[in-house]
Amino acid sequence: MDFLLTLFGENMGLVFGGFGVAIAMIGGGIGSARGVGLAGEAAAALVREKPELFGQAMVLQLLPATQGLYGFVIALIMLLSLQQGMDVSQGWYYIACALPVAFTGYTSAPAQARVSVAGMQILTKRPENSTQGIVFSAMVETYAILGFVISLLMFLLV
């Protein structure tokens, strides 16, 4: 701890708060990038055979992108409240606030992508039932929303 105090001085709280901002953004961003990429591969294969299904395939591909947006919102709110000289414990609390949205985004986006890929299989066989694939994929989203809400409430209410 003395090394960190020497390195960052009075800005150690700011540094930890910055880590919180980064964790919120990186967790959701990595999860969404992986998820959108996975679903995009399946969408490209689908559209190659049936280009008329592009719009529906794009909806299924974009569903895992929301986790990155949730992380971005939390990171932005935290970033706008960072201050020089903030207390170290407040910086640690920023990290704690980032964890729910980061972990749920990191883990749920790839899972949601796999469900979206399955939804594209529904779309291939029975395009009239494509809404079912969207609903199945949106169910995974629930856990990302819960992580987002907890991060937001932790940050705003304490």
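Good morning. I begin with one residue, F72, which is located in helix 4. Please bear in mind throughout that the model is predicted.

How exposed is F72? Its relative accessibility is 44%, so F72 counts as partly exposed, given that this class lies between the 20% limit for buried and the 50% limit for exposed residues. F72 also belongs to a nonpolar surface patch of about 530 Å², together with M25, V73, L76, L79 and L80. Which element gives the most to this patch? That is helix 4, residues 66–81, with five residues.

Let us now consider helix 4 as a whole. Its 16 residues, at 1.5 Å a residue, should span 22 Å; the end C-alpha atoms are 23 Å apart, and the two values therefore agree. Which residues of helix 4 are buried? They are Q67, G68, Y70, G71, I74, A75 and M78. Viewed down the helix axis, these buried residues fall within an arc of 160 degrees, so they line one face of helix 4. On the other side of the helix, L69 and L80 are exposed. L80 thus appears in two parts of this account, as an exposed residue of helix 4 and as a member of the nonpolar patch.

I turn next to the annotations. An unreviewed UniProt entry lists residues 12–33, 53–80, 92–113 and 133–157 under "transmembrane region". How do two of these spans look in the model? Residues 12–33 are 100% helix and 0% strand, and their end C-alpha atoms are 31 Å apart. For residues 53–80, the content is 86% helix and 0% strand, with the end C-alpha atoms 41 Å apart.

The unreviewed UniProt entry also gives "domain: V-ATPase proteolipid subunit C-like" for residues 19–78 and 95–154. In the model, residues 19–78 are 88% helix and 0% strand, and the end C-alpha atoms of this span lie 10 Å apart. Residues 95–154 are 93% helix and 0% strand, with an end-to-end C-alpha separation of 11 Å.

Finally, a word on charged side chains. Side chains of opposite charge can pair when their charged atoms come close. How many salt bridges are counted here? The count comes to one salt bridge. In it, the side chains of R48 and E49 meet at 3.3 Å, N to O, which satisfies the 4 Å limit. Are these two partners buried or exposed? E49 counts as exposed because its relative accessibility is 57%, and R48 is likewise exposed, with a relative accessible area of 64%.

Thank you for your attention.

Key:
Residues numbered from 1 in each chain as written. Predicted model: local features only at pLDDT ≥ 70, side-chain atom pairs only at ≥ 80, totals over all residues. Heavy atoms only, no water. Patch = residues over 30% accessible without salt bridge, like charges linked within 9 Å, V, L, I, M, F, W, Y side chains within 5 Å. Areas by Shrake-Rupley, 256 points an atom, 1.4 Å probe, with all protein chains shown as cover. Helix = DSSP H or I, 4+ residues; strand = E, 2+ residues; numbered from the N terminus. Buried < 20%, exposed > 50% of the residue type's maximum accessible area, 1.4 Å probe, protein only. UniProt positions renumbered as here; feature names shortened; annotations may be inferred. Expected span 1.5 Å × (residues − 1). Arc of directions from axis to C-beta.
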